Amino acid sequence: MALPLELAKAAGALARRHAMLCAEGILNPMAAACHVPCPRRFVLLDRDGTINVERCYLTDPADLVLLPRTAAGLRRLGELGLGLVVITNQSAVGRGLMDEGRLQLIHQRLQSMLAEEGVRLDGIYFCPHVPEASCTCRKPAPGLARRAAAEHGFDLPQCIVVGDKPCDLLLGRAIGAATILVRTGYGQQTEAAGRASSDAVADDLLHAANIIAGWLEVDTEARQVQ
Ligand SMILES: [Mg+2]
Ligand SMILES: [Zn+2]
């Protein structure tokens with residue numbers, strides 16, 4: 001169950017304040033008295049064509065199939081200490097092809113398939129609207145990313161957005177995050193069309209995770225130099 005937005009924002013602000021106090025040495029993040037975790041960096045993942053095989057409007061949980069190196073990629077990201085949030089446009093709901101209950105069943109199956117592979121997602125956020133609704137949550141609009149950031153207390157510009165379509169890359173740009181285009185799903189078409197640029201292009205999610213691992217290493221070295 002999602003937190004009310006105001007409460008989530010307050011929790012996010014508290015988590016950021018806590019991180020500041022940890023950084024200043026006022027709080028010890030390892031101490032038992034510290035209940036609020038420091039903000040982690042998060043990867044915002046597209047679902048269809050990035051995590052699972054692209055189907056034109058996936059409406060049956062039985063049709064959910066993970067892409068070959070998805071589990072390994074997500075495990076790698078988890079091992080790097082990154083938070084994992086899925087942000088997905090599901091206009092099939094708005095089009096009347098399925099109800100939200102069915103979408104929840106699909107997401108429950110996704111989470112249990114990933115759990116069997118040792119992967120835990122921090123959250124799945126979806127837009128149920130049709131494009132014509134001009135809502136604030138359908139990618140590339142940043143509504144869902146903002147909501148996830150408020151609920152989990154992470155910074156949007158510190159995120160890495162991974163997806164196969166221009167809307168994923170444009171979302172990344174909208175929130176000031178780094179972006180990786182994966183060549184799975186519509187990724188090759190997106191790359192060939194050159195309709196949206198990304199910071200990197202990866203063959204699949206495991207390749208993307210390896211690229212991210214390299215970026216984190218560079219960041220750590222840069223901090224040590226300072
Ligand atoms: Mg996609
Ligand atoms: Zn929406």
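The buried residues of helix 2 pack against four elements: strand 1 (42–45), strand 2 (83–89), helix 4 (100–116) and helix 8 (205–225). Everything described here comes from a predicted model. Helix 2 itself spans residues 70–79, and its buried residues are Thr 70, Gly 73, Leu 74 and Leu 77. These residues lie on the same side of helix 2, because the arc they cover around the axis is only 95°. There is a simple rule behind such patterns: an α-helix has 3.6 residues a turn, so residues three or four places apart point the same way. After helix 2 comes Gly 81, which has a positive phi, near 85°.

**Strand 1 and its partners**

Let us turn to strand 1, one of the elements that helix 2 packs against. Which way do its residues point? Phe 42 and Leu 44 point one way from strand 1, while Val 43 and Leu 45 point the other way, and all of them are buried. This fits a general habit: in a regular strand the side chains alternate between the two faces of the sheet.

Strand 1 pairs with strand 2 in the parallel sense, over four bridges. Within that pairing, Leu 44 has Val 85 of strand 2 as its bridge partner. To get from strand 1 to strand 2, the chain crosses through helix 2, and this β-α-β crossover is right-handed. Strand 1 is also joined to strand 4 (residues 160–163) by three bridges, and these two strands run parallel. Here the bridge partner of Leu 45 is Val 162 in strand 4.

**The nonpolar core**

Which residues have the most contacts inside the largest nonpolar core? They are Val 43, Leu 44, Cys 159 and Ile 160, in a core of 46 residues. Cys 159 shows how parts of the chain come together there: leaving aside residues up to four places away in sequence, Cys 159 touches Arg 41, Phe 42, Val 43, Leu 44, Phe 154, Ile 175 and Ala 177.

**Helix 8, a helix with two sides**

Helix 8 has 21 residues and reaches 30 Å from its first C-alpha to its last, close to the 30 Å expected at 1.5 Å a residue. Its buried residues are Leu 205, Leu 206, Ala 208, Ala 209 and Ile 212. They sit on the same side of helix 8, because they cover an arc of only 140° around the axis. What covers them includes strand 1, helix 2, strand 4, strand 5 (178–182) and strand 6 (200–202). The face turned away from this buried side carries the exposed residues Asn 210, Gly 214, Glu 217, Val 218, Glu 221, Ala 222 and Val 225.

**A buried glycine in a loop**

Gly 185 is found in the loop between strand 5 and helix 7 (187–193). Is Gly 185 buried or exposed? Gly 185 counts as buried, because it has 23 C-beta neighbours inside 10 Å, and the cut-off for a buried residue is 20 or more. Not counting residues up to four places away in sequence, Gly 185 touches Asp 48, Gly 49, Thr 50, Glu 54 and Asp 164. Gly 185 and Arg 47 are 138 residues apart in sequence, yet 9.9 Å apart in space, C-alpha to C-alpha.

**Unusual backbone spots**

Most residues other than glycine have a negative phi, and most peptide bonds are trans. Two residues of this model, neither of them glycine, have a positive phi:

| Residue | Phi | Loop | C-beta neighbours within 10 Å |
|---|---|---|---|
| Tyr 57 | near 60° | between strand 1 and helix 2 | 14, partly exposed |
| Ser 134 | near 50° | between strand 3 and helix 5 | 9, exposed |

A cis peptide bond also appears, joining Lys 139 and Pro 140, with omega about 15°. Pro 140 lies in the loop between strand 3 (123–127) and helix 5 (143–152).

**The whole chain**

How many helices and strands does the protein have? There are eight helices and six strands. Read along the sequence, they follow the pattern α-β-α-β-α-α-β-α-β-α-β-α-β-α. Of the 226 residues in the protein, 36% are buried. Among contacts with a separation of 6 or more, 62% are between residues 24 or more positions apart.

Notes. Residues numbered from 1 in each chain as written. Chains lettered and ligands numbered in written order. Predicted model: local features only at pLDDT ≥ 70, side-chain atom pairs only at ≥ 80, totals over all residues. Core = buried A, V, L, I, M, F, W, Y, C linked by C-beta atoms within 7 Å. Buried ≥ 20, exposed ≤ 12 C-beta atoms within 10 Å, placed from the backbone. Contact = placed C-beta atoms within 7 Å. Arc of directions from axis to C-beta. Pairing = 2+ DSSP bridges. Right-handed = clockwise from strand over helix to strand, strands pointing away. Expected span 1.5 Å × (residues − 1).
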